[in-house]
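Colleague: Before I rely on words such as buried or salt bridge, I would like to hear the reasoning behind each of them. Could we go through them one at a time?

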Amino acid sequence: ASGSHVPALVIGTGYGGSVAALRLAQAGVDVHMVEMGMSWDTPGSDGKIFANTKSPDDRSFWLRTRTKQPLSNFLGFPIDKNVNKYTGILDAEEFGGITVYQGRGVGGGSLVNGGMAVTPQRDRFSGILPSVDAAEMYSTYYPRANAGLGVTDVPLAWWESAACYKYARVGRKHAERSGFPHVFVPNVYDWDYMAQEAAGSVTKSALAGEVIFGNNHGKKTLPKTYLAQAKATGRVAISPLHEVTSVTPRSGGGYTVAIRQLSTTGGTVATKTVTADRVFFAAGSVGTSKLLVKLRATGALPNLNGEVGKGWGDNGNVMCGRANHMWDATGTIQSSMPSTGIDNWGAGGAFAEVAPIPTGIETYASLYLSITNTPRRAEFSWNAATGGVDLSWQAAWKQDSITMAKTIFDKINKKEGTIYRTDFFGGTKVWNDQLTYHPLGGAVLNKATDNYGRLRGYAGLYVIDGSLIPGNTSVNPFVTITALAERNIEKIITTDL
Ligand code: FDA
């Protein structure tokens, strides 16, 4: 309620926020989590909480009147359609040079992502976060994160014959025939549930193509893991459809936090202020960066340093499809949870996930989301004229990532005698180079913050999400975000509380 006081306020309920809430609560601290998205615990008129990937509806997108599908075309035909403006689950947030996809709701990105739970190779970690003790990360915090998230390995014997992973086995064959290391990727999806989906004994979710607009079954999202544990402590409250708009120091200590309550069409239902001893920014790379840049520029937090807003990257994301020969059919039923990747990071700067095309028909296509080692980094800045935050990303920068991804797919195409598909991204585009699923950075560890996420200039303010990571993780990011949050919150609890 407006006017109330909380010991710890957490902005956002994604990975960083969920780790902070659980560990603070276990240490005896009462926590209030503020989440701009919905709680996603009530079925719609179709009896399901989440819409299907194939049939987006009002629930699918955050406050848009037209869908913005990552694969804008199917067999060459544009598939975007009009929807009603609603606080839906997937935000396609548009900046000048890039569209940044993010989850909205209690659970953040865990609601919409592919569940790929990848720990980066240890020898690559110090290039990502040089000020962090890698030995500690790999002995303590990565294992803790993987356990907390419910990460498990692909059941290999089942996978080898499962129809829903035919596309991945085709991906492996092509990778190996071109001499690339092929790797299995752990996931947070319940593999037993998926096997039952394949056997026809339970309601299908991954095998019904559910993913970017939510999974109705099978995926161990944060509300089923960290947030369930956090709630069970009795010390954590969550306010959905509430957006933090300001944080300012309060005379006498602590902070005043301004909050806007949203209607499901995005309007303002009420504005509230609460006070908190400590505030954890866990609004995601874009959400946290936008807030901090605005608060520094508008005088609410003027002592934030010049590093705030810097070091933002797209994890080098680019997508492409390849046209297979008729003998390399990829299957009509494809699990929406990717299980494999092609690792050419060392030689070519690219790690490619073998992605599904869960359309229900045979496409003879292989789709890949590449993560590449691009050095490009953008900066968020306050735009006084628009009253918004801009991002300096340049669309042309994606060429670096395309060049790196091509070290894999040009070679495979040559070996297989195949070509790129041109019917997925509009026109005759081969590369989807206009988006990222993996925003990272903007409040980089040991620069905008100290080496544990304490914001420089303000005692009691912390960053604990993907904005700490400077633009790239060499693999899919959420395990690293979670592990770093586990490391930082442990230090904060033992030394600051
Ligand atoms: P995260 O974005 O999860 O959470 C931030 C939360 O804060 C959101 O719920 C947001 O609504 C809320 N918020 C923002 N501003 C706010 C404000 N002012 N007030 C209140 N609340 C606010 N990664 C991976 O490792 N494997 C994968 O398979 C995939 N796949 C994938 C698919 C798709 C479609 C997407 C969009 C993303 C992925 N990812 C992924 C990326 C992964 O989901 C992402 O890196 C993490 O969710 C980021 O975690 P954070 O804790 O940083 O923020």
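**Reasoning from values to words**

Colleague: Why is C320 called buried?

Modeller: This is a predicted model, and in it C320 has a relative accessibility of 0%; buried means under 20%, so C320 counts as buried. The argument for C164 runs likewise, because its relative accessible area is 3% and the cut-off is under 20%.

Colleague: What makes you say that there are zero disulfides?

Modeller: A disulfide is called when a pair of cysteine sulfur atoms lies within 2.5 Å, and a search of the whole structure finds zero such pairs.

Colleague: Why is the pair of R172 and E160 called a salt bridge, and what does the pair tie together?

Modeller: The closest N and O atoms of R172 and E160 are 2.7 Å apart, and the cut-off is within 4 Å, so the pair qualifies as a salt bridge. R172 lies in helix α5 and E160 in helix α4, so the pair ties together parts that are 12 residues apart in sequence.

Colleague: Are R172 and E160 buried or partly exposed?

Modeller: R172 has 18% relative accessibility, and therefore counts as buried under the 20% limit. E160, at 37%, counts as partly exposed, because that word covers values between 20% and 50%.

Colleague: How do you know that R104 and E93 form a salt bridge, and where do the two residues lie?

Modeller: Their closest N and O atoms are 3.6 Å apart, which is set against a limit of 4 Å. R104 lies in the loop between β6 and α2, whereas E93 is in strand β5, so the pair ties together parts that are 11 residues apart in sequence. Both R104 and E93 are buried, and they belong to a network of salt bridges that also links D91 and K290.

Colleague: What makes β5 an edge strand?

Modeller: In the open sheet with the order β5-β6-β20, β5 pairs on one side only. Five bridges join β5 to β6, and two strands count as paired if there are at least two bridges between them.

Colleague: What makes L75 eligible for the nonpolar patch that it forms with F77 and I361?

Modeller: Patch residues need over 30% relative accessible area, and L75, at 42%, is partly exposed, so L75 passes that cut-off. L75 is found in the loop between β3 and β4, and the patch has about 300 Å² of accessible area together.

Conventions:
Residues are numbered from 1 along each chain as its sequence is written. This is a predicted model: local features need pLDDT of at least 70, side-chain atom pairs count only at pLDDT 80 or more; totals for chains, interfaces and linings use all residues. Side-chain values use heavy atoms; hydrogens and water are left out. Helices (H or I, at least four residues) and strands (E, at least two) are DSSP runs, numbered from the N terminus. Buried means under 20% relative accessible area, exposed over 50%, partly exposed in between (1.4 Å probe, protein chains only). Patches are made of residues with over 30% relative accessible area and no salt bridge: like charges are joined within 9 Å, nonpolar side chains (Val, Leu, Ile, Met, Phe, Trp, Tyr) within 5 Å. Accessible areas come from the Shrake-Rupley method with a 1.4 Å probe; for residues, only the protein chains shown count as cover. A salt bridge is a side-chain nitrogen of Lys or Arg within 4 Å of a carboxyl oxygen of Asp or Glu.
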